[in-house]
Amino acid sequence: MLADWTIPDLSLRDAKTTLITMAIEDHNGDVYTVVELMRPENRRHLERANVDEAICVTDLSKRLLVHAAMNHGLSRFFTEILAFDEGSEIYKIPSPIGFNGVSFRTAVRLASDQFEAILMGVERDLKIQCNPVGEFLLKEGDHLFVLSEDDPVELKEWQGEGDDEGGEG
């Protein structure tokens with residue numbers, strides 16, 4: 001849900017978003033709610049309203065500006081991967097059965113070589129690790145963040161058969 005940009009006061013904008021979110025969650029608590037937040041200090045109100053994801057646009061834009069100043073072209077990169085028209089996009093997928101017990105590093109190579117996809121990170125127990133280092137082993141219940149041209153259906157369904165490299169751990 002997008003914030004009401006006709007309201008000039010950012011706190012009032014967030015208040016309206018919170019009230020609408022509470023009504024939606026009260027009506028159907030199973031709906032996955034993603035809302036636009038203007039002020040990061042108001043996140044706690046949305047969390048109490050059981051929002052699934054609150055995206056603070058002002059906080060994101062500040063972070064992107066700092067990173068882009070230090071890494072020239074980074075804003076163009078994010079614009080490209082967040083677009084839905086052409087090129088690659090980011091997908092969150094359940095870790096395929098074939099990756100259970102496999103190190104993240106090995107999974108990165110397999111995904112790239114066999115599925116033309118790039119693994120960027122892992123979500124485990126609602127915690128996200130971008131490009132985990134060391135011998136981070138994937139396990140059942142993990143979710144992967146994947147950069148891919150299309151929805152990586154074949155990767156999602158990969159069982160590990162027919163691959164000599166995939167049997168770690």
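What span should the 12 residues of helix 5 have at 1.5 Å a residue? In this predicted model, helix 5 covers residues 104–115 and should span 16 Å. Its end C-alpha atoms are 15 Å apart, which agrees with that expectation.

The buried residues of helix 5 are Phe 104, Thr 106, Ala 107, Leu 110, Ala 111 and Phe 115, where buried means under 20% relative accessible area. Viewed down the axis of helix 5, these residues fall within an arc of 150°, so they line one face of the helix. They pack against strand 4 and helix 6 (153–156). After helix 5 comes Glu 116, with a positive phi near 50°.

Strand 4, residues 118–124, belongs to an open sheet of 4 strands. The order in this sheet is 3-6-4-5, and the pairing is antiparallel. Strand 3 (89–94) and strand 5 stand at the edges; each has a single partner strand, so one side of each is left without a neighbour in the sheet. From one strand to the next, the twist averages 25°.

Strand 4 can be followed through its two pairings. With strand 6 (residues 143–148), strand 4 pairs in the antiparallel sense over 5 bridges. Within this pairing, Val 122 has Leu 144 of strand 6 as its bridge partner. Strand 5 (residues 127–130) also runs antiparallel to strand 4, and 4 bridges join the two. Here Gly 121 stands opposite Cys 130 in strand 5. Strands 4 and 5 form a hairpin with 2 residues between them. Asp 125, in the turn of that hairpin, has a positive phi of about 55°.

Note on methods: Residues numbered from 1 in each chain as written. Predicted model: local features only at pLDDT ≥ 70, side-chain atom pairs only at ≥ 80, totals over all residues. Heavy atoms only, no water. Pairing = 2+ DSSP bridges. Expected span 1.5 Å × (residues − 1). Buried < 20%, exposed > 50% of the residue type's maximum accessible area, 1.4 Å probe, protein only. Arc of directions from axis to C-beta. Contact = heavy atoms within 4.5 Å. Axes fitted to C-alpha atoms, helices over the stretch in contact; angles between N-to-C directions.
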